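I opened my notebook with the model on screen. These are my entries, in the order I looked things up.

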Amino acid sequence: MRNADRTENTRALLLRAAREEFAAHGIAGARVDRIAERAGVNKQRIYAHFGDKEQLFRHVVADALDELSRAVTLTDDADPGEYVARVFDYHRARPELLRLFLWEALHYGDSPLPGEEERARLYDAKTASLSEALGGGVPEAEVRLILLTLIGMAAWPQITPQLARLVLGGGGSGPDPERLRDHLVRFTRDAVSAPRNDPPDAP
């Protein structure tokens, strides 16, 4: 194996191991030695590739977001209901990204995130695509509110499965995910197709 290939393989192993560790324990609770052991490399490789633990977390989140962006797209002609379904399916199959977001929120609070401007551009692009999918003419501020609502609807039942179980029932197995998914799709289509009143003037 060439040095470049070996380096890239080591990096991929570390990111995969770190994603599992951070999703389980957060930034403060994650252990560099556990990450190195899981990846099967010397822990000095972590510092060589990523710097400190916080920089590693930043790379893990960026890598997970890139994966999400490739798997779940929102094109100009997309059906917003289908977008919600794809977000729901993605997070149901890969719950670690939502856990990373929760740990990130606990760690940084209201402080700016590392690389926040770059990450915000991802949602700028999604806002533009959703605006086109809604037929244009919707104020950008409202489109952003709609986008946040769509993501929240798709993600929240999986962020707090205990709340979904308490509200929807289903016993120890929780609510039927297919029924919940279908409801979210119908709800989204009804909501985005309903006439929208002009937002009230700011006080």
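**Entry 1: one arginine.** Does Arg19 count as buried or exposed, and why? I took the relative accessibility, which is 12% for Arg19. The cut-off for buried is under 20%. Arg19 therefore counts as buried. I kept in mind that this is a predicted model.

I then asked where Arg19 sits in the chain. Arg19 belongs to helix α1, which runs over residues 3–29.

Next I looked for a polar partner. The side chain of Arg19 makes a polar contact with the side chain of Asp63, at 3.0 Å.

I also listed the contacts of Arg19, leaving aside neighbours within four places in sequence. I noted Val60, Asp63, Ala64 and Glu67. Glu96 and Leu100 are in contact with Arg19 as well. Asp63 thus appears in my notes twice, as a contact of Arg19 and as the polar partner of its side chain.

**Entry 2: the annotated spans.** I turned to the UniProt record, an unreviewed entry. It gives "domain: HTH tetR-type" for residues 8–68. I checked that span in the model. Residues 8–68 are 87% helix and 0% strand. The C-alpha atoms at the ends of this span are 21 Å apart.

The record, again as an unreviewed entry, also places a "DNA-binding region" at residues 31–50. In the model, this span is 75% helix and 0% strand. Its end C-alpha atoms lie 15 Å apart.

**Entry 3: a nonpolar patch.** Which residues make the nonpolar surface patch of about 550 Å²? I wrote down Trp156, Leu163, Leu166, Val167 and Leu168. I then asked which helix gives the largest share of the patch. Helix α9, residues 161–168, contributes that share with 4 residues. Leu168 is found in this helix, α9.

**Entry 4: the whole chain.** I stepped back to the overall fold. I counted 10 helices and 0 strands in the protein. Read along the sequence, the pattern is α-α-α-α-α-α-α-α-α-α. The C-alpha trace spans about 60 × 40 × 40 Å along its principal axes.

I looked up burial for the protein too. Of its 203 residues, 33% are buried. The accessible surface comes to about 12,100 Å². Carbon and sulfur atoms hold 52% of that surface.

Last, I checked contacts between residues at least 6 apart in sequence. Of these, 64% join residues at least 24 apart.

Methods. Residues numbered from 1 in each chain as written. Predicted model: local features only at pLDDT ≥ 70, side-chain atom pairs only at ≥ 80, totals over all residues. Heavy atoms only, no water. Helix = DSSP H or I, 4+ residues; strand = E, 2+ residues; numbered from the N terminus. Buried < 20%, exposed > 50% of the residue type's maximum accessible area, 1.4 Å probe, protein only. Polar contact = N/O pair within 3.5 Å; in protein donor to acceptor, adjacent residues only side chain to side chain. Contact = heavy atoms within 4.5 Å. UniProt positions renumbered as here; feature names shortened; annotations may be inferred. Patch = residues over 30% accessible without salt bridge, like charges linked within 9 Å, V, L, I, M, F, W, Y side chains within 5 Å. Areas by Shrake-Rupley, 256 points an atom, 1.4 Å probe, with all protein chains shown as cover. Salt bridge = Lys/Arg side-chain N within 4 Å of Asp/Glu carboxyl O.
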